[in-house]
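The following exercises concern a single protein structure and are to be worked through with the sequence and the coordinates at hand. Each task is followed by a solution in steps.

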Amino acid sequence: MESRFCVLNDTEDLQTRFKNTEDSLQFERSKTLFEEIRASINNNDEEDRSFWRPVLPWGGVFTIRAGRKAISCTPLYVQIHLKNTCTIDGFLMILYVILRDNQGFSRELAVFLGKQFVEHFLYLMDSCDYTTVKMLWIWDRMSKRQYRSEVHQAALEIDLFGNEHRNFTENLENLMSTMQETLCTNWSCPSRFQDFIKTTINISPPYELPHRDPIQSAVDEFFCPKLLLCSELGCDGLREFSQRVFCHGPPPFVILNMQQWKSEELSYVPYHLALSEHRYLLEGATLFNKEEHHYSAAFQIDGCWMHYDGLRTDNLILLHKPPELLLLSSLVYIRASDK
């Protein structure tokens with residue numbers, strides 16, 4: 001059944017679509033989407049604080065033309081229906097804001113995700129081609145094991161229900177990779193020298209409330225040297241862990257996985273973070289509503305906070321004050337300028 005549809009194992013067909021789209025749109029936009037959002041903040045009406053049109057709405061329908069990969073001799077048009085896209089929507093929105101608001105970050109991210117991906121991502125967002133943005137992420141960044149797909153009559157349904165860190169954060173390649181060198185004190189240890197690498201930053205709340213900021217304390221704990229019992233089978237030595245460092249230098253932004261934290265542990269969220277001898281600034285957050293099993297996001301532009309929720313009709317709203325970050329799934333920090 002599934003062989004009747006255009007099955008895409010790579011981004012070749014998507015790249016062709018991009019080229020055709022770019023060839024057919026020879027005009028230049030007067031403003032990027034980011035510039036439009038920024039203008040709406042500066043010219044907002046107190047009675048209506050929502051952006052004038054939906055941005056990156058939940059779900060989506062993507063129509064493709066099945067050609068040489070289809071069994072049928074005649075061109076076959078099929079649709080791909082996207083469901084439960086909130087597991088990537090909030091992060092895609094924050095990623096776009098970060099790249100448009102910070103010159104140079106696009107070039108740094110391209111090292112890990114590819115220049116073509118970054119350019120297409122920004123182009124599609126500025127063109128308001130939101131469903132294609134999501135398909136770009138799904139086909140270029142995600143593994144097929146990370147989502148469910150089923151054929152329903154004349155359409156393929158892709159369901160992204162699940163966890164946003166699995167669907168987004170874990171697909172950023174080695175952007176946030178960190179390493180700790182370790183040495184076991186037991187000379188007979190079968191693996192005396194080891195390097196431990198993590199590709200995400202998953203911090204745990206402290207067992208006891210520290211005297212200072214608990215999130216900064218948890219980050220310090222993640223990066224600090226340690227001395228633990230060696231876990232190698234039959235070894236009774238101690239394993240010394242070095243200071244954790246970024247494998248590829250300080251990334252342009254970091255995502256802190258906050259899923260283990262309870263709301264009562266989040267009475268204070270730092271706007272500045274010292275992270276492996278580098279200074280980072282709070283840019284945004286993703287929020288998780290357990291009752292609805294739904295993700296949304298909040299982010300800053302020029303010091304003003306906006307809330308994004310792809311399920312709502314008015315899905316991008318300027319907030320009167322910073323949001324209460326009590327239902328956190330993640331915190332997003334950008335690297336501060338050296339100036």
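**Exercise 1. Helix α8**

Asp213 caps the N-terminal end of α8, with one of its side-chain oxygens 3.0 Å from the backbone nitrogen of Ile215. The model is a predicted one.

Task: Determine how many of the residues of α8 are buried, and name them.

Solution.
- Step 1. The cut-off is applied to each residue: buried means under 20% relative accessible area.
- Step 2. By this criterion 8 of the 10 residues of α8 are buried, and the helix is mostly covered.
- Step 3. The buried residues are Pro214, Ile215, Gln216, Ser217, Ala218, Val219, Phe222 and Phe223. Ile215, whose backbone nitrogen faces the cap from Asp213, is thus listed among the buried residues of α8.

**Exercise 2. The second largest pocket**

Task: Describe the lining of the second largest pocket by residue, by element and by class.

Solution.
- Step 1. The pocket has a volume of about 290 Å³. It is lined by 13 residues, of which Lys198, Glu221, Phe222, Lys226 and Arg244 are the closest to its centre.
- Step 2. At least two lining residues come from each of β6 (193-198), α8 (214-223) and β8 (226-229). The largest share, 3 residues, is supplied by α8.
- Step 3. Sorted by class, the lining comprises 6 nonpolar, 3 polar and 4 charged residues.
- Step 4. Two of the residues closest to the centre, Phe222 and Arg244, are also in contact with each other: Arg244 lies over the face of Phe222, 4.2 Å from the ring centre. A further arrangement of this kind involves Arg192, whose charged end sits over the ring of Trp187 at 4.1 Å from its centre.

**Exercise 3. An aromatic pair in helix α5**

Task: Classify the pairing of Phe117 and Phe121, and relate it to their positions in the helix.

Solution.
- Step 1. The whole structure contains 10 aromatic pairs. In the pair formed by Phe117 and Phe121, the ring centres are 6.3 Å apart and the planes meet at 5°.
- Step 2. Planes under 30 degrees apart count as stacked, and the pair is therefore classed as stacked.
- Step 3. Phe117 and Phe121 are 4 residues apart in α5 (residues 115-126), which means a separation of about one helical turn. An α-helix has 3.6 residues a turn, so residues three or four places apart point the same way.
- Step 4. Both members of the pair are buried: Phe117 has a relative accessible area of 6%, and Phe121 one of 1%.
- Step 5. The two rings belong to one aromatic cluster that also takes in Phe91, Trp137 and Phe168.

**Exercise 4. The largest cavity**

Task: State which residues line the largest cavity, and which element gives the most to its lining.

Solution.
- Step 1. A search for cavities of 30 Å³ or more finds 1 in the whole structure. The largest cavity holds about 40 Å³ of space.
- Step 2. Its lining consists of Phe91, Ile94, Leu95, Ile98, Phe168, Phe253, Ile255 and Val332. Phe91 and Phe168 are also members of the aromatic cluster of Exercise 3.
- Step 3. Two or more lining residues come from each of α3 (86-101) and β11 (253-257). The greatest contribution, 4 residues, is that of α3.
- Step 4. By class, the lining has 8 nonpolar residues, with no polar and no charged ones.

Methods: Residues numbered from 1 in each chain as written. Predicted model: local features only at pLDDT ≥ 70, side-chain atom pairs only at ≥ 80, totals over all residues. Heavy atoms only, no water. Phe/Tyr/Trp six-rings, centres within 6.5 Å; stacked < 30°, edge-to-face > 60°. Buried < 20%, exposed > 50% of the residue type's maximum accessible area, 1.4 Å probe, protein only. Lys NZ or Arg CZ within 6 Å of the ring centre and 35° of its normal. 1 Å grid on protein atoms, 1.4 Å probe; cavity = no way out; pocket = protein on both sides within 12 Å on 5 of 7 lines; lining within 4 Å. Points joined across faces, edges and corners; volume = space filled by probe spheres on them. Nonpolar A, V, L, I, M, F, W, Y, C, P; charged D, E, K, R; others polar. Polar contact = N/O pair within 3.5 Å; in protein donor to acceptor, adjacent residues only side chain to side chain.
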